[in-house]
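Please walk through the model below, beginning with a single loop and ending at the contact between two chains.

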Amino acid sequence: MIKFHFLCIFLCSVSSLTFGQGRRISFDHIGPEKGLSQNSVFSLLEDSQGFIWVGTEEGLNRFDGYGFKIYNNDVNDSNSISYSIIWPLYEDHKERLWVGTRGRGLNLLDRKTDKFTRFRHDPNVENSLSNDVVLAIGEDEDGAIWVGTDNGLNKMILENGSASLGFQRYYHQASDSNSLSDSFVEAVYLDQKNDLWIGTLNGLNRYHDGRFIKYFQPKTGDRDPNAINRIYEDELDHLWISTESGLYQFDRKQERFYKIPGVPDITVTCTESDNRGNLWIGTEDEGLYIYDMSNQKVAHFPSDPSEPNSISDNWIKEIMVDRAGIVWIGSYAGSINRYDSEKFKFKHFTHDPKNSNSLNNAILWEIYEDPQKVLWFGTFRGGLNRFDPKSGIFTHYAHDPDDPHSISNNDVRTFFQDSRGRRWIATWGGGLNEMIEDSQGVRFKKYRHDPNNESSLSNDRTWVVFEDKEGFLWIGSNGGIDRFDPLTGIFSNYSHDPQDPHSLSDNSVRAIDQDEQGFLWIGTFNGMNRFDLETKQFKSYYNEPNEENSLSNNFIGSFYLDKSQTIWLGTHSGLTKMSNINSAQPTFVRYSEEDGLPNDVVYGILEDDQGDLWITSNMGLSRFNKKTEEFRNFTETDGLQNNEFNWGAYFKSPDGQLYFGGINGYNVFRPEEIIDNTYLPPIYITQFNLLNQEATIETKNGKGNQLLDYPFPFTKEVTLTHKDYFFSFEFAALNYTHSNSNQYAYKMEGFDLDWIQAGNRRFATYTNLDPGRYIFKVRATNNDGIWSDMQASVSVTILPPWWATWWAYVLYTMIVIGIIWRYLNYRDNVHKGKLNQQEAELRAETAEAKAKTITIEAQAKIEKVKVEEREKLREQNSRDFHDELGHKLTKISMFLELAKRADGVKEDLYKYLRKVEENTKDLSGGMRDFIWVLDPKKDTWYELMIRLKDFGDQLFDHSGISFRMTGLHDDLNNHSVNSDTRRHIVMLFKEAMNNCLKYSECKKALLEVEFKGTSYSISFSDDGQGFNFENTTSGYGLNNMKSRTNRIGGALTIASTPGNGTKITLSSN
Amino acid sequence: MIRVAIVEDDDEIRQTLALIIDGTPDFSCKCTFSNCEDAIVSLPDDVPDVVLMDINLPGMNGIEGVSILKEQLTVVDFIMLTIQQDDDSIFNSLLAGATGYLVKDTPPGELLQSIKEVHEGGSPMSTHIARKIVTSFKAATSSPLTERETEILQKLCDGDNYKVIADALFVSGHTVRAHIKNIYEKLHVHSRAEAVSKALKDRLI
């Protein structure tokens, strides 16, 4: 039994022919990095104007392709939105925007004023909204607004279609069989037949004439298919019910639910059709599913952290398809992902490490479709790959050192099936292989270079295989070109001979083709050659420096011979067109980056059925119109495998599809589907800036009058004054595919003579315009440069300064008259004026003096009150803080106790816990001291001594030391002491007492206090062993005591002799 | 076995303290309340030995609670729990019938020790409190204290601690504490009898 070496692959049961097999679809991401208010996106809506509204957990956003305008709740503004958690969004047939919040009711946005009208639940008002958690908004055929909430369904009752009279509520009532199936309403939807569908926590309802007709499903697993999250009708009139247990299609005639196989029984949050036959399905835990309605296959696209272009989060909350066909996906933690179906056109397949039924290597040298429509791929490290579209299976043929019948080398440059059906593979380093497939299986027969055999292959590094009209094979390699007779197996070589000018120009042969006249054309790394099969002579063409009419570069990677016998050469310096190839002087025309080619390194060239050339390079794919000589370029962002392609990896299939490969798999597409974006976007002026500040309805112009009549984009008029000399407009074309490529043109009629082309700049600035009336106009193209038919305009009036108006001039005249008159009166009044002046001065002086006295008194009072307030505040603050701290310290000690008692506490840990306990205790004590020091009530010597005594009692309790105090008299209450001094004295004697306890080994300790007049003396003594303080080091804190004494201006005496106890005295100076 | 009940509104403190006490040999803590009202309803049916009562409680405060409970549960020791040693609150608790007080952030080990001491008949007393009591009794027409008790109280006011007093009177520290406990009891009765605790407070200030 002959062993074969190939990898077996399994067909994924949920993948279809359009998905799976390593097919990539990529999503872009729009989130807070672009200005979105928050990452949790709950709803998406495209309004009638074309703006995209995004409801998040932190505000409502409006997107114009460039940035976000954010609406958030402002507690001080009752016209702001009621809450920041935005749930459903709905635009009714009157183009009013309804915004439901999760907890504070419903809002209606008036876009002309940017104000919100709120509808809240009021328990005292019977026709108010039934509940403040709004989950769904819809409207019925009469245009009435229906609101689904956490508890109840509401129908808004309107008067004359404008002001609301309130809501009629519908609840589930067990006693009424015509009532709603459940009061928790999460979906409201009007279908094409004008039936109003309500989705609740328990059952689907259809509202008809005041009755709810209910539809239930049996509950089989532990998830409930009657818990409905969303209802949606696609373009084929299918009604889709998204439930907690999978996705169902509801057949209205049969009144039955049908499950979609392929979507598991999990929470499906939303579905939407992209109007191209695909239903996009969002789930709560598993990301995205796409249901292809034509072949009824479901593909799964979960979030993949290793793949930056996959969806960002598996919890999808909303899917919306805009009018241009872009799919917007909002998720709980991933903001917005978008899929632009324009990119579907370049289908991309590559090596998927998780799926063995894909290419086994991403770098391709060859793509080939055989007459049976099987695809063959030559890869860089994976050998030969085969894909059978009928079965959908990839087979890989890699080199196996243990299997002599396996392919000789993994670097496969060419696959070719000749007219006899024999399959030839050119490998780089492994010579030529022939793939033989019969009843015994697959094996590879090798033809390698044999230095001892002149009729063998000239070089093992083979690149290209070509069959001429007679059936001979020509092998291009690093050894020149070999003519191979497959029947005899003989190779005849033609290589470069430096002595012979009619030999091949270079031995690195890369491309071979034959023209109508039978000449063989051979491209090499150094020159293009024409080979005459009869004379066996080569004629070579090179790049001639300074000669435009020559090859652009000698490095020929590929070439294409078209039907008109023009050769298009792909070189390292762009494209060269060679015409009249068989004449004595062929003509050469060059195309490079300057002409629009995206990159000068040309890899592959194919011609489509319309006669356009498709060219790959290091910067993507380019479509070249031979007549107009224009290039239309595509890059990775258009869905290409990568910007870098590769030689040899291109193929045109007989049905017209083009394949191009590179370093990340390949793309396949139909050229007729690659058309410009035909969507003509609306354009709006979105912002007006006056003197560098954004203008709102509140903004006033230089005169103090309202600047704008409405907020943008509804503004029709702007009135400025001459002071508002510097302003600008910002505008946006609502095309969301490559918004940055939208181009703009604007004109200020009355000022600009012609349209100004602004490129992709979105603002227009004007300074120092003369007074007058103007109209500002702007128009735009979409990303492919197609001009939209819509224009936006605003009239601008600039008022003249007051001194330039007609009545100003009247004023001037009047002033002049006035001056003359005044002068005449002046002389009369001079005398009168003097007297008046003196009297006024006298009065002013007296008043001033009075005012001064009052102020001084008042100030003193104010100061006093301030000081008192401060004291109170300080005390209150410290008290509050102490309470808080004490509280927490209590808890800490308690938990420490529990920790000490816990099972498995080892000795070490126990020791450390005890240390923590000690420190906590110290901290506690320290806090109490602190509070005590600040307490203004404790400012007497009496209180000070009490403190020391209490401390001593506690310290020496249970210690065996007898502690007492003398000198505590009532009259100590008459001596006050400030908080600084108190603090220092307490700390000093605490230290002394601690030392006594630690080191003295005494039996008795005594604390004495004495007052003589205003002089005081406190001493602490014990009958212990004393200490020699000449020899002491720190640890007794003596230095500390000394410094404290200095601070309070006292005197410290320490009397201690070994064996005779210690006495520490602090006295006033 | 000393049976302890706790009335404390902070959940963490109450539960942890109950755990600590209940987990100590010779102690048990099975009843806890987060407010006075509940305690008043339930305690009479399951009388403990000691009740730890937080002074600051929502609704009815600890002092009032003790006042009401002491009528029914005359032999129970009420120990007030306080964050800071606020003399006025403590004194008022004593007037209401408390047997003693403890500062909340005392390390649990000492807390248990103090509960034990109180249960066995002792009571802590600080100089401040002592002076307050003296003043309180001075204001009364006839002091209900015995000679011994008066002596002890006076010494406390002068600044002696238990050990010193005990030495001076040739009695043990325990006895001194027991005397102090009696002083508290009398104080309580005294105030009730007077039924003018407010007036007393006035005289103290």
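Strands here are DSSP runs of E with at least two residues, and they are numbered from the N terminus. With that convention, P713(A) can be placed in the loop between strand 60 (693-694) and strand 61 (717-720) of chain A. The model is a predicted one, and in it the peptide bond that joins F712(A) and P713(A) is cis, with an omega of about 5 degrees. Another backbone feature of chain A appears at D209(A), which is not a glycine and yet has a positive phi of about 55 degrees; this residue lies in the loop between strand 18 (203-208) and strand 19 (211-215) of chain A.

On a wider scale, chain A is divided into domain 1 (406-649), domain 2 (683-804) and domain 3 (939-1068). Between the C-alpha centres of domain 1 of chain A and domain 3 of chain A there is a distance of 105 Å.

Aromatic side chains offer another way to follow the fold. A pair of aromatic rings is described by the distance of the centres and the angle of the planes. Over all chains, the structure holds 86 aromatic pairs. One of them is formed by F63(A) and Y736(A), whose ring centres lie 5.8 Å apart and whose planes meet at 25 degrees; because planes under 30 degrees apart count as stacked, this pair is stacked. The two residues belong to distant parts of the chain, 673 residues apart, with F63(A) in strand 6 (residues 59-63) of chain A and Y736(A) in the loop between strand 62 (726-733) and strand 63 (744-749) of chain A.

How much area is buried between chain B and chain A? The value is about 3000 Å², and carbon and sulfur atoms give 51% of it. To this contact chain B brings 35 residues and chain A brings 34 residues. Two salt bridges are found across the interface of chain B and chain A, among them the one in which the side chains of D10(B) and K891(A) meet at 3.0 Å, N to O. Five residue pairs are in polar contact between chain B and chain A, counted with both residues at pLDDT 80 or more.

On the side of chain B that touches chain A, at least two residues are supplied by each of helix 1 (11-22), helix 5 (108-119), helix 6 (127-139), helix 7 (147-158) and helix 8 (162-169) of chain B. Helix 1 of chain B gives the largest share of that side, six residues. By residue class, the side of chain B that touches chain A divides into eleven nonpolar, eleven polar and 13 charged residues.

Terms used. Residues numbered from 1 in each chain as written. Chains lettered and ligands numbered in written order. Predicted model: local features only at pLDDT ≥ 70, side-chain atom pairs only at ≥ 80, totals over all residues. Heavy atoms only, no water. Domains from an automatic or database assignment. Contact = heavy atoms within 4.5 Å. Buried area = accessible area lost by both parts, 1.4 Å probe. Salt bridge = Lys/Arg side-chain N within 4 Å of Asp/Glu carboxyl O. Polar contact = N/O pair within 3.5 Å; in protein donor to acceptor, adjacent residues only side chain to side chain. Helix = DSSP H or I, 4+ residues; strand = E, 2+ residues; numbered from the N terminus. Nonpolar A, V, L, I, M, F, W, Y, C, P; charged D, E, K, R; others polar. Phe/Tyr/Trp six-rings, centres within 6.5 Å; stacked < 30°, edge-to-face > 60°.
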